[in-house]
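This report describes the charged side-chain pairs and the strand arrangement of one protein chain. The sequence and the structure are shown here for reference.

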Amino acid sequence: MSKFKQFSRIQDTALDLESFDPIQSFPECGGVGVFIGTVRNHHEGKAVKALKYTAYPPVAEKMIRQIEQEIQTKYGVSYVRVIHRIGALDIGEKAIIAIAYAAHRREAFAACEEAVERVKHEVPVWKEEFYMDGSSQYVEGCCIRKDVETAHMHHHPKHSDETHQHCHHAKETTPLIYQWPI
């Protein structure tokens with residue numbers, strides 16, 4: 001049995017730091033990196049009223065856990081965990097929390113940042129934004145490549161055969177396709 005707390009990485013209730021194992025369980029660690037992403041009231045010039053995240057939890061859960069393990073190994077940190085919220089969220093509510101414990105701050109910050117970026121760009125979680133003008137749209141990042149300047153994706157989870165994903169680079173447009181493990 002693992003000494004660590006067991007919890008879902010995809011949750012449909014309010015997120016908080018109590019889900020994570022406490023730093024006191026890691027006496028070798030002197031650095032804690034934490035990121036909390038909340039729902040903001042605007043996106044690309046439009047006033048946002050609320051949003052809804054949807055996911056297929058079995059796949060998203062597996063992918064987040066794999067990302068955590070890869071980052072823990074890559075940076076040699078003791079602990080990396082990410083929780084992503086699904087369901088309807090109002091302005092100010094927490095959408096994602098990532099945490100990393102490491103011997104030093106540099107590794108803790110780096111591991112936490114990469115965990116957030118990879119989860120946001122690789123895990124199949126869809127964000128639908130609802131605007132003050134009554135309209136809505138699905139919005140999601142599509143790639144993590146450093147050579148990409150901007151990324152836009154429009155995807156409706158109920159119409160996976162109609163997915164349109166494009167990452168825009170200064171010189172070319174490259175379509176990307178998700179391959180989800182089962």
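## A salt bridge within helix α1

In this predicted model, the side chains of R65 and E61 form a salt bridge, with an N to O distance of 2.9 Å. The two residues are 4 positions apart in helix α1, so about one helical turn separates them.

The two partners differ in their surroundings. R65 has a relative accessible area of 29% and is therefore partly exposed. E61 has a relative accessible area of 14%, which is under the 20% limit, so E61 is buried.

## A salt bridge between distant parts of the sequence

E68 and R9 are also joined by a salt bridge through their side chains, at 2.9 Å from N to O. E68 belongs to helix α1 (residues 57-75), whereas R9 lies in the segment before β1 (10-11); the pair therefore ties together parts that are 59 residues apart in sequence. Both E68 and R9 are buried.

## Helix α2 and a charged network

A further salt bridge links the side chains of E122 and R118, at 3.0 Å from N to O. These residues are 4 apart in helix α2 (residues 105-122), so about one helical turn lies between E122 and R118. R118 counts as buried because its relative accessibility is 14%. Salt bridges with shared partners join E70, R118 and E122 into one network.

Across the whole structure, a search finds 8 salt bridges. As a general matter, side chains of opposite charge can pair when their charged atoms come close.

## The sheet

The model contains an open sheet of 4 strands in the order β1-β5-β7-β2, with mixed pairing. The edge strands are β1 and β2 (31-38), each of which pairs on one side only.

Strand β2 is joined to strand β7 (residues 94-102) by 8 bridges, and the two strands run antiparallel. Opposite G33 stands A100, a residue of β7. In general, strands of a sheet pair through backbone hydrogen bonds, either parallel or antiparallel.

## How the helices lie on the strands

Which strands does α1 lie across? Helix α1 lies across β1 and β5 (79-85), and α1 runs at about 155° to β5. The helix that holds E61 and R65 thus has a place against the sheet through β1 and β5.

Helix α2 lies across β2, β5 and β7, and α2 runs at about 145° to β7.

Methods: Residues numbered from 1 in each chain as written. Predicted model: local features only at pLDDT ≥ 70, side-chain atom pairs only at ≥ 80, totals over all residues. Heavy atoms only, no water. Salt bridge = Lys/Arg side-chain N within 4 Å of Asp/Glu carboxyl O. Buried < 20%, exposed > 50% of the residue type's maximum accessible area, 1.4 Å probe, protein only. Pairing = 2+ DSSP bridges. Contact = heavy atoms within 4.5 Å. Axes fitted to C-alpha atoms, helices over the stretch in contact; angles between N-to-C directions.
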